[in-house]
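Biologist: I would like a close look at one chain of this model. Please go from its overall build down to single residues, and then put a second chain beside it.

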Amino acid sequence: MLFEPFSLALLGAGLISLYLVLVASFTAVQVIRYWDLEADDNRQIELEQRTWLSSALVQGALVLQMVSLVIMIGAADHFADLLSGAMCATGALTANSFGVPALMVKIVTLFCAAIWLTINRIDLSVPTYPLTTAKHWLILTLLPLICLDLGLVTAYLALLRPDIVVSCCGVIFAESTPNGFSLIGLLPTLPLLGCYGALVGVLIWLAIFMRLKMANGKTIGGAEAFVAGLGWPLFYLLSVVVITVIVSPYVYAMPHHRCPFDLLRGSYGWIGYPLYLSLHGAVIAGITIPVTWWSARYPGAADTAQRIQRRAVPGAMALLLVFLTIAAFKPLMYNILGGQW
Amino acid sequence: MKWMSKPRPSTWLGIIGGGLMFCQLILIGLAHVQLAARTSGQELMRAQVQRLGLSDICIATEARYIRHLAVTDQVAPFMDHPLALEYFPSGSLWAPVISSR
Amino acid sequence: MIIRLHEVHKFYNRDTPRQVHAVRGVSLAVQEGEAVCISGPSGSGKSTLLGIIGGFFVPTSGLAEVAGVKLARLPDRFLTSYRRDYIGFIPQRFPVIGAMSVLANVILPLLPLGVEQRESEERGRQLLTRLNITHKQNMPAAELSGGELQRLVIARALINDPPIILADEPTAHLDSALSTQFISIMSECRAEGKTVVIASHDPLVFQSSLIDRHLILEDGAMVAG
Amino acid sequence: MGPGYLISLRRQRNLLDFALGSLWRARWKNGGIVVVFSLVIFIIASFRLMVAGLEQASTAVLATVPDITVQRLVAGRQMPVPLWWVEESGAVFGIRSIKPRVWGYYFHETSGANFTIIGVEDFPGGEPLPGVAMQAVSADEQVEENQFSPVVLGQAVHQMLALGDRVNVSLFRPDLTLKGFSVVGLFAPQTGLVTDDLMVMAIDDARDLFALAPHNATDLLISVPNPLEVDTIAQKLMAKLPGSRVITKAQIGKTYNAAFGWRSGFGMICLIGTVAAFVILAWDKAAGLSPEQRREVALLKTLGWQTGDVMAIRFMESLVVCVVAFLVGTGLAWAHIVFTDGFLFKPLLLGWSVLRPSLSPVPVIRFDDVLIIFVMSVVPYLAATIVPAWRGAMIRADATL
């Protein structure tokens, strides 16, 4: 279904991202080959000017990835009407084996671009540009991600046939499926919530610990950075599972409708937008902690890195609380006002 | 002070942009009035569709593959397969010449 | 010691056939509040020296420290910040954006600093009053006469209250009356404690009472001063 | 000075002021770009919004199409269905009702229109036709009892037949003999979208008119109460009835959507050329800096502007052009759809037709559609200006020396 307007918009966004990152990669190759801060020749001067270009390009690509993520969800939602058996975006995304990977690659690209922008900010704040080579290597890893994204999206759209029978989310997420196919499978609610609560507890405790440490004028150590670097991505994954399995049925008021995407529909008050925005914001702020810790080891970078840390830790916490409040609102209201289901 | 009374260019942009958005909102409002008119017969139309077993809306009555999916032929010089798309450019742009007799 | 240059060399197009050794081992120390004139024939490296002090480019070798900032090896981004904070620059031909008003031209350096428009216009107006061209503030800059243009450019250089004023051949296109006016404005600035460095081979400038020290460059090397 | 974000906000506003000033200075050129870009966006937006409106109109109305339609194919061509298929199908468990139906087209030579004739079993008695006020035919109009069969007409058919106040109408059988009908009702005008070309009559009258053999029908409509069973029952029917073609509700809806989506996509492909041409224009405009602009950039750099500040100016210029053009273009598109029913694109989207109900293509506004229009128009323009903006901004400050 490459001729659908949604497909064209997605492919257009993908191609433009590719163009932006391709130009940035060209810069990256030049920088990696010729960067020499000691030189004052024209080439070095032009390379220094190019750092403005690459950050503008990656910023553009980041914004575009966010837009195309929203379009991707919208497209899946729309395709659900064209594919028999697909009743919501989940069904449309699982209609062939490229949909979910494409979505995942998009999300990973989003996080990578955010990490890049943090490193870029630290790098540009120091006159010696300590991280320049590193960040341009990172652009070169962004390039295959964008290519992969475009390839997967193209494959997904090209192989999407309006007539084939696919499963709908009710089948995919049902606790027992006759076909045996289940995306998330049999996940017992209580242990899942327990794990999730424990992880959130660890993250909050870690934040308070780091905050106290910084208040005492100490810097964040490798152990904290390691825990944060492991904890926040895990938190992201678990959050998506928890939203799908536990939160969404309350929002839809249907115990067997488990879909992480329908939350974004207007019929549910667009609750998905603040929910996912705060989740992504919190995780981006969270993974900033290991990124800044890593960057701070480069000569001269520590000051800016720590300044960013001082903002990232409370920022992540604030967004985490916003996220948890939104996520818990419906289930709590239901359990307080409407009893158990 | 005289210089304070002169709005900044960005203020002008805000005014113009706001005005344009306002126009859009009015147009969208009008659109919704029309939409309400269109959907007023909707329940009735659904009932008719159900009663008569219609398969299509009659926006292109001469195109049998559109008005009634049910009379398509599988083997035809121009593809009339029910799940095929109609032969788009020619079929929709050239109307037959109807001589007034 | 607000400006300190030690054994500064500057090459253009280094290691190419078009290599130019523009500044050869210049050492210079300027006190705060001093007014210095650098003169020499054209092509002697005056502008390059001024460009090094003004943070337009970095020296190829040697030490350059202005207002505590080590200019050598500083990337362009940081040179620009340095320029914002410490330098008021008066270029040779008084370039302005002709279609914009005088006041808008004067506050140009403040725009990217995030200064509120009301505040920056107030500062601009004060400077224009001081330089006696308030009555022209809303006129397009293109309609100004040479003398008014000069005052506009000076006001623009002073808008950020820089400790150092650099002027590149400021009187080259002015008659003697306007040159005298320029010197008197610079004297006022010096009296306020600003450091003034002028590159000029105009005797009217380097023989004036404004100038504390007169340096002569020849073929990129300091020959007197 | 205040906190950092406030400084940053004020900086953005100052730069925006400057950008607007420089746009205003070249107002004729930039105005021209806004006009052309608005037109491009107008075309894309009209197209997209109309398709959305038509899709929504059809899916809303066609939500109740029969669950299963059974046809018979002989040598790949559709043939009448024998009525014994009804009993045969009745044996399949899970079916609520089976209605045979005769229908076909009647070409009306005078008007050049194709009417759709539907003969249903329980007519004029039985289940009433929704939206039809049935009227008894008055005695003086009824020429001979029982010779004129009752028929219900769509509004457009009624007009094309130019009946006026008369109620009697004659149609030709295949052998050119005439068959008389009395109009006993008209479909309500607001249901024109599905009924305008209809002539509904009793199934035996339809057989008579089309000279169809008795015990035959055109197709069978099958109603299945449980939507999950539709596919299974369709499979069973296919196995039970040799030479049958079984079409489910889902297939009809999806084919319909696909047809519109495909048309819209095809149109968009054509429009991409326009956008591409425009992007080239944008690149050209941003890349070809005049000597005066170069001097201006050099001056700003001398005055302590960062490369990023100059890039921000250029970006804001493009953004203002885009946003204004986007608002104007989408606004025009709405006006085009709301006030003129989208007359520019209606032929392209609907094809030609002699008889057509008034169809308003107004869509329910959806965020996705706006986003698609945005990505197809504004994003390429902005992306195309990044590199030229940087190239124009990297003029060095020492150019003034």
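Modeller: What follows is a walk through chain D, with a short look at chain C at the end. The model is predicted, so local features need pLDDT of at least 70 and side-chain atom pairs count only at pLDDT 80 or more, while totals for chains, interfaces and linings use all residues. Residues are numbered from 1 along each chain as its sequence is written, chains are lettered from A and ligands numbered from 1 in the order in which they are written, and side-chain values use heavy atoms, with hydrogens and water left out.

Start with the build of chain D. It holds 12 helices and 12 strands; these are DSSP runs, H or I of at least four residues for helices and E of at least two for strands, numbered from the N terminus. Chain D is more spread out than a compact globule, because its radius of gyration is 32 Å, well over the 21 Å that the globule rule gives for 401 residues. That radius is taken over C-alpha atoms, and the rule is 2.2 Å times the number of residues to the power 0.38. Along the principal axes, the C-alpha atoms of chain D fill a box of roughly 105 × 50 × 45 Å.

Now its packing and surface. Of the 401 residues in chain D, 59% are buried. Buried means under 20% relative accessible area, exposed means over 50%, and partly exposed lies in between (1.4 Å probe, protein chains only). Take the contacts in chain D between residues at least 6 apart in sequence: 81% join residues at least 24 apart. A contact here means heavy atoms within 4.5 Å. Chain D exposes about 16,100 Å², and carbon and sulfur atoms supply 63% of it. Areas come from the Shrake-Rupley method with a 1.4 Å probe; for residues, only the protein chains shown count as cover.

Charge comes next. Chain D has 32 positive and 32 negative side chains, and the centres of the two sets lie 17 Å apart. Lys and Arg count as positive, Asp and Glu as negative; His and the chain ends are not counted. Each charge is placed at NZ of Lys, CZ of Arg, CG of Asp or CD of Glu.

One helix deserves a stop. α12 of chain D runs over residues 367-393 and bends by about 40° at Val375(D). The bend is the angle between axes fitted to the seven residues ending there and the seven starting there. α12(D) is mostly covered, with 23 of its 27 residues buried.

Then the loops. Leu176(D) sits between β7 (168-172) and β8 (178-186). Its phi is positive, about 70°, although it is not a glycine. Leu176(D) counts as exposed, at 63% relative accessibility. Ala211(D) lies between α6 (203-210) and β10 (216-217). Ala211(D) is not a glycine either, yet has a positive phi of about 55°. At 55% relative accessibility, Ala211(D) is exposed. Asp197(D) is in the loop between α5 (192-195) and β9 (198-202). Asp197(D) is buried, with a relative accessible area of 0%. Its C-alpha lies 9.8 Å from that of Tyr105(D), 92 residues away in sequence.

Last, chain C. It has 7 helices and 10 strands. Its radius of gyration is 17 Å, close to the 17 Å of the globule rule for 225 residues, so chain C is as compact as a globular protein of that length. Its C-alpha trace spans about 50 × 40 × 35 Å along the principal axes. In chain C, 56% of the 225 residues count as buried.
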